[in-house]
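This briefing introduces a single structure to a reader who has not met it before. The sequence and the model are shown first, and the points that follow are grouped by topic.

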Amino acid sequence: MTVGRLLRAARETLREAGLRGCVLVRDLDTGDELGLDSDVVLPVASLVKVPLALATVDRIERGELDGATPITVAPGRIRTPGPTGLSRFRHPATVAIDDLLYLSVAISDEGASDALFALTAPAEVTAALRRFGVDGISVRHRTRDLTDTPAERFAPDEVHLAHSLAASATTAGQGHPVPQLDVGRANAGSARAFVELLHALWRPSRIPAPVAARVRELMGDNLLRQRLAPDFSSDASRWSSKTGTLLNLRHEVGVVEHADGQAYAVAALSESTVPAAVQPQAEAALAQVARELHDALRATHR
């Protein structure tokens, strides 16, 4: 199949699942890549926790923070489906910075992430990315803003109304009445920008090696594996990643390392046009397209 036919088929697969998708796969050693709308900027939801982890680990490595420092986190007391960990606690908890990093990345804990943002503000996280040569990702707000969406204002049997608003209200310039979905106000980035970040973490040059290694370890511990992981995990490969989910957004970025030594960065960002919270077909379609692009690229190097 030619590249053109492959990409047309990928678009059709996503369209049939109700998705607008932006996907990029890159060979981390040759730099060869294959993508679909990879420069489109979207709100990134919980993907922001990877830049947050990078900035925090860098500060620990430089001695500005001590990973053993205990931080008392107020209870989130969130009862709506979705948020995990400290966000759902009923009582204050004291957790070391190192362990907050694990909770933030491995289980996407909003409470842990905001405790880290209290130490390293969003603007400082963006500055760290620029210092390491990663452009195209803007960090503008803490993760607690992700939980204050229309979905929290509807009864459980009306959540589809929030998803309908999310899917239908985007303007031509990618503005949106829901702040978390407005690329001018939200934490935002493109598939290409996240592949650049992954490349910098797995093949570090400007990022100190111990910092990159710790962030890779955190992403390898990711417990949320319902999206791309089923298509990239096997006994002969290791999948390290971070997911991002918010209203109609379904994202995942990660690196697959094969037993033969080849490694590929994968970024799959998507918006759903279907007003539903649970969409297994969309999850499967996004993974299928990412895997097909990966397989096509990998086949050229055999």
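R130 and D135 are joined by a salt bridge whose closest N and O atoms lie 3.8 Å apart. The structure is a predicted model, and this pair is one of the 19 salt bridges counted in it. The points below begin with these charged pairs and then turn to the helices, the nonpolar cores and the strands.

**Salt bridges**

- In the pair just named, R130 is partly exposed because its relative accessibility is 31%.
- Its partner D135 counts as exposed, since the relative accessible area of D135 is 51% and the cut-off for exposed is over 50%.
- R214 and E217 form a salt bridge with 2.8 Å between the closest N and O atoms.
- Because R214 and E217 are three residues apart in helix 8, about one helical turn separates them.
- R214 is partly exposed, with a relative accessible area of 22%, and E217 is partly exposed as well, with a value of 43%.
- Salt bridges with shared partners also link R26, E33, D39, R192 and E196 into one network.

**R59 and its two side-chain partners**

- R59 meets E64 in a salt bridge between their side chains, at 2.9 Å from N to O.
- With a relative accessibility of 14%, R59 falls under the 20% limit and therefore counts as buried.
- E64 is partly exposed, at 43% relative accessibility.
- The side chain of R59 also makes a polar contact with the side chain of T120, at 2.9 Å.
- T120 is located in the loop between helix 4 and helix 5 (122-131).
- Is T120 buried or exposed? T120 counts as buried because its relative accessibility is 2%.
- When neighbours within four places in sequence are set aside, the residues in contact with T120 are L52, A55, T56, R59, L65 and V125.

**Helix 3**

- Helix 3 spans residues 97-106 and is mostly covered, with seven of its ten residues buried.
- Those buried residues are I97, L100, L101, L103, S104, V105 and A106.
- The cover over them includes three helices, namely helix 2 (49-61), helix 4 (110-117) and helix 8 (209-220).
- Strand 4 (70-73), strand 5 (93-96) and strand 7 (237-246) are also included in that cover.
- S108, just after helix 3, adopts a positive phi of about 60°.

**Helix 7**

- Helix 7 covers residues 191-202, and its end C-alpha atoms are 16 Å apart.
- That separation agrees with expectation, because twelve residues at 1.5 Å a residue should span 16 Å.
- The rest of the structure largely encloses helix 7, since ten of its twelve residues are buried.
- The buried residues are A191, A193, F194, V195, L197, L198, H199, A200, L201 and W202.

**Nonpolar cores**

- In soluble globular proteins, nonpolar side chains tend to be buried together.
- How many residues does the largest nonpolar core have? This core has 58 residues, and the members with the most contacts inside it are L54, L100, L197 and L201.
- Helix 7 supplies the largest share of this core, nine residues.
- Apart from this core lies another, of 26 residues, which includes V23, V25, A287 and L297.
- Leaving aside neighbours within four places in sequence, L201 is in contact with V50, L54, I207, A212, V215, R216 and M219.

**Strand 1 and its pairing partners**

- Strand 1, residues 19-27, is mostly covered, as eight of its nine residues are buried.
- With strand 9 (residues 263-272), strand 1 pairs in the antiparallel sense over nine bridges.
- Within that pairing, L24 has A267 of strand 9 as its bridge partner.
- Strand 1 also pairs with strand 2 (residues 33-36), again in the antiparallel sense, over four bridges.
- There, the bridge partner of V23 is L36 in strand 2.
- Strand 1 and strand 2 form a hairpin with five residues between the strands, and G31 in this hairpin takes a positive phi near 85°.

Conventions
Residues numbered from 1 in each chain as written. Predicted model: local features only at pLDDT ≥ 70, side-chain atom pairs only at ≥ 80, totals over all residues. Heavy atoms only, no water. Buried < 20%, exposed > 50% of the residue type's maximum accessible area, 1.4 Å probe, protein only. Helix = DSSP H or I, 4+ residues; strand = E, 2+ residues; numbered from the N terminus. Contact = heavy atoms within 4.5 Å. Polar contact = N/O pair within 3.5 Å; in protein donor to acceptor, adjacent residues only side chain to side chain. Expected span 1.5 Å × (residues − 1). Core = buried A, V, L, I, M, F, W, Y, C linked by side-chain atoms within 4.5 Å. Salt bridge = Lys/Arg side-chain N within 4 Å of Asp/Glu carboxyl O. Pairing = 2+ DSSP bridges.
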